[in-house]
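Dear colleague,

Please find below the structure that I am handing over to you. I would be grateful if you could look through it alongside the notes that come after.

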There are 2 protein chains.
Amino acid sequence: MWVTDDNVALLTDLYELTMSASYFAEGMHDEATFELFVRHLPESRNFLVSAGLDDALHYLEHLHFDGDAIAYLRGLDIFRPDFLEYLATLRFTGDVWAIPEGEVFFAGEPMLRITARLIEAQIVETFLLNCLNFQSLIASKAARVAIACDGRRFVDFSPRRDHGADAAMKAARASYIGGASATSNVLAARAYGIAPSGTMAHAYVMSFDRELDAFLAFARTFPERSTLLIDTYDTVEGARNAVRAADLLAPEGVKIQGVRLDSGDLPELARAVREVLDEGGYSDIQIFASGDLDEYRIAALLQEDAPIDAFGIGTQLGVSADAPALGGIYKLVEDKSGPKMKRSTAKVTIPGRKQVYRCYQDAVATHDTLALHDESPPPGVPLLQKVMEGGRRTTPPESLSAARERCSRAVKSLPPAFRSLHPAPDPFPVRCSARLESLLAELNQAPH
Amino acid sequence: MWVTDDNVALLTDLYELTMSASYFAEGMHDEATFELFVRHLPESRNFLVSAGLDDALHYLEHLHFDGDAIAYLRGLDIFRPDFLEYLATLRFTGDVWAIPEGEVFFAGEPMLRITARLIEAQIVETFLLNCLNFQSLIASKAARVAIACDGRRFVDFSPRRDHGADAAMKAARASYIGGASATSNVLAARAYGIAPSGTMAHAYVMSFDRELDAFLAFARTFPERSTLLIDTYDTVEGARNAVRAADLLAPEGVKIQGVRLDSGDLPELARAVREVLDEGGYSDIQIFASGDLDEYRIAALLQEDAPIDAFGIGTQLGVSADAPALGGIYKLVEDKSGPKMKRSTAKVTIPGRKQVYRCYQDAVATHDTLALHDESPPPGVPLLQKVMEGGRRTTPPESLSAARERCSRAVKSLPPAFRSLHPAPDPFPVRCSARLESLLAELNQAPH
C-alpha cells in the first residue's frame, strides 16, 4: 500500500490515538505546546541541517481521517463511537514555529514548535518525527559530503539502497538542500525541480559484443551528454576505448562528456585515465567517480590529488550509513498549567516555549542562546520563524534552491572546527537564558 | 510528492532510461536475464531473509509510464520522440523466478531472476533493488531480534525513526515476516493485517496533575488493554502508582494489562518493578521494555534474568542500525549470445540463469548449491520458484503469516553457528555445480 494524503493520518503510532481517545474522554481540549528537538548529535556530527519542513506543513494542512480510516479504527473495537465521530472531523488548526530548511542547528534546539489543542498537537507526533528526522539526517550528511567535495559537484545515486520509495524521494530532496547538484532519481528530479543525472550500467556495456561498440551507440543516442562507464572489463583499456570512440565520433559532431570509474584503486586509476584522455587530446572529458564513496573517502581521494571532477554517492549518502538515524523527539513543554518538564533519569526536558538566538562575530557563529519565546530577546538572530497560524501556512512554500543556499551560507558561517569532518573538541555552545535557567531550577524543586 | 502506482515508473535512475533509449535506437529487443543478489553479507550477519517480493511483483504488474511521466521526459529534451512513444506503451511482460518471502538466503544466491526483453528487464532495476534491498534488510534484522527474544514477543516501534513514510510501512511488514508480533504503525497494521500495538507517551502522563490520575484515566478509557508508562518521574514509584490504580479500578472491573519501562537500568528496574507488582498481588501485570533496544541488548537483558515479558524495538530495528543498507545488485547474466559475466577487478559475476538448491541432514541445512537452471538438478530443495509468467503472477499473493512461518522454520533449520548473534567462523557453504564451475572457467578465458 502506498502512503497518500488520504491515508497518512493513520501513519501514526497507535498510542497517539489511544492517548487522544483518553484526552477526549476526559474533556482535555486545552492548548498545549510541543517541541521537536534532538537530545544528542550523532557522535560523528558537529552540526545538523534542518530539512523536511515543507512536507511536515503539507501534512498538517491536509490532515484528515477519511472514511476508510474511521471504519478500520471502529473495527479494532477499542475506541468509543463519540471519539471516532470527533476524529472524523478533526483538522489541524494550531500554530507552528520552525527553523527554516537548510539552517544549521544543534542538540537541544527546537527545530519545530507546535501550539494547538492537546489532541491536535499529540496526534501529529509520529509523522512529524518520521518526516523531520529523516530529511534532516540526510541533509546533514549531504552537507558533510559537500564540505569534502570542496567545490566539486556530487550527485545523489542512492535510490537502489534507500529505505523504500519515499526515502528515495526525500533523500534526493534533502541531499539537494545539503549541497548535491543533481539526483539519479527521475521522479524526485521531476517532483523537486532537481537536475536528473546518470551514466550507464555494466549491463549496458555487456550487451554489446565490444566495449567500443557500446560507447559508440550510447554517445550517438546522447550526442551532447554521454558519460561512459569504463570499468566493466579493464579501466585503462576502457579509457582508451573512450578516446577511440571520441575520435570516431568527432566527424559526426558527437562529443563525449565524461567517463565514470566505479571500482578499483580510484586515485591510481583516475591518474592513469586522465593521462590516457589528455594524451588522446581530450582534456575536456571529465572524470566521474562512484563506488561506495562517502565524505571520508572523497576527502582522502582529493588529499591524494586524484584528478576526479565529480562524484556519484549512493548508499552512504542515502542511508547516512555512519549515523543511520536521527534521534529527534517531540516533547510537551507547556500546557494550561504552565511550563512542563520530564524528569526521569538522564532525560531532562527543558520546559517552556522557546526561541533560539544565534550570535555571530565577523560573520562567524559564536554561540546560540535558548530563551523563552516571550522574554526580552537576548542578542542574536532568532532562528524559529512562524510558519503556520490556525492550521494555514503563513507564507507560500519556499524554493528548494533557497533552502540549499541557506545551508551553504550556514555551514560557511560555522567556526572551522565545526566544519571539519572530524568531531570538534567540544560541542557548539548552546546556552540557556537566565530566565530559562531559573525556570529550570524552579521546576526541578517542585513536587509532582 | 507521494509515490503511487501511477508515477512509480519514474522512480528509476536516469541511466535505466538512457540505456533503454540507446537499446531502442539500436533495435536491441532480444531477451535478457538479470539476477538480483547480494555479493557479500554485512559483517554482522550470518544469513539474510528474503522480503519485498509481493511489492516487487505488484510493481511489475502495474508498470506503466503515464502522460505526466512522458511529458516530463519530453521536456528534458534528451530523448527521441519514437522512444517516448514506445515508453508510453511499455508493459512488463517477462518471467520472474524468486526465493519466496521469509526464506533464508546467502551471498551470491539470486533472490530474484528476471527474463524479459532487454529494455523491460533493464528499466525495472532501480525499483526492484530499492524494494528488495530494504525489506530483506529489515526482515533479516527482525529475525535476529526474534532469536534474541527467545520466544518472547517483540513489537515494531520504529515509525518515528524510519526513513520516510514508505519505510515505516515496509519496516512494519518486513519486521513481521522476521518475527515481530505487532506494530505501533496503525496504517501498516491496516494494510498488512498486523496487530496494532501501543502504550502511552510521557506527554500523556505529564498532561495530568498526578501520575496516578493519568493511569486511572487511561485504564478507564481502555478497560481491557492498558499498558502504563511508569518512568516519567520515578520508575519504582510509577510501579506503585500502577498498583494503586489497579486496586482502585478493580471494583469497576477495569484491569491493567502491563507496565512499560523506557529508560534507566532496565534489569535492576525490571526486578524492582516485578517485586512491587507481585507484592501488590498483580503477578499477571506484564513488564514491557523499550528504549534503544536491539538484539544484543535484549540478549544481555535476558542473560541477566531481567523479568521482561515483551519488547518494543524502534530505531535499531527500523533502520537496521548496525548494518543500515543491503548491497543487493542486479546483473546481466545471460542474453541472446549466451551466459554473461562481468570481470572488473574483484567484482566477478557468476554467469548464466541459476537455481539454488539447499541440502538438509536431519532437518538441518548443510549447504547450498548454485546450478544452471537447465542442468540436471543437484541434490537439494530448489529455492527459486516461478512467480510470474508473461508479466502476470502465477499464483495469488500469499499471506504475510505464511512468509512469517517460513522465516521461523528456515531460521530454525540453520546450524547453531548461523543462528548465533555473533559472526559464524565461516560463511554458510554455497557451492557451484560442476557445470557452473566449467562455464566460469571457460568465460574467464574468453577474450572480450
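The notes below describe the domains of one chain and then the relation between the chains. Please bear in mind that this is a predicted model.

Domains of chain A

Chain A is divided into two parts: domain 1 covers 8–138 + 323–445, and domain 2 covers 148–318. Taken over C-alpha atoms, the centres of domain 1 of chain A and domain 2 of chain A are 38 Å apart. Where these domains meet, domain 1 of chain A contributes 13 residues and domain 2 of chain A contributes 16 residues.

On the side of domain 1 of chain A that touches domain 2 of chain A, α6 (125–149) and α15 (400–412) of chain A each supply at least two residues. The most comes from α15(A), which gives five residues to that side. By character, the residues on this side of domain 1 of chain A are eight nonpolar, three polar and two charged.

Relation between chains A and B

A turn of 180 degrees, with a shift of 0.0 Å along the axis, lays chain B on chain A with an RMSD of 0.0 Å. The two chains are therefore related by a two-fold axis. Which C-alpha of chain B is nearest the axis? It is that of B:D166, which lies 2.6 Å from the axis. Both copies use the same surface for their contact, as 100% of the contact residues of chain B recur in chain A.

With kind regards

How values were computed: Residues are numbered from 1 along each chain as its sequence is written. Chains are lettered from A and ligands numbered from 1 in the order in which they are written. This is a predicted model: local features need pLDDT of at least 70, side-chain atom pairs count only at pLDDT 80 or more; totals for chains, interfaces and linings use all residues. Domain bounds come from an automatic or database domain assignment. Two residues are in contact if their C-beta atoms, placed from the backbone, lie within 7 Å. Helices (H or I, at least four residues) and strands (E, at least two) are DSSP runs, numbered from the N terminus. Ala, Val, Leu, Ile, Met, Phe, Trp, Tyr, Cys and Pro count as nonpolar, Asp, Glu, Lys and Arg as charged, and the others, Gly among them, as polar. Copies are superposed by least squares on the C-alpha atoms of residues with pLDDT of at least 70 in both.
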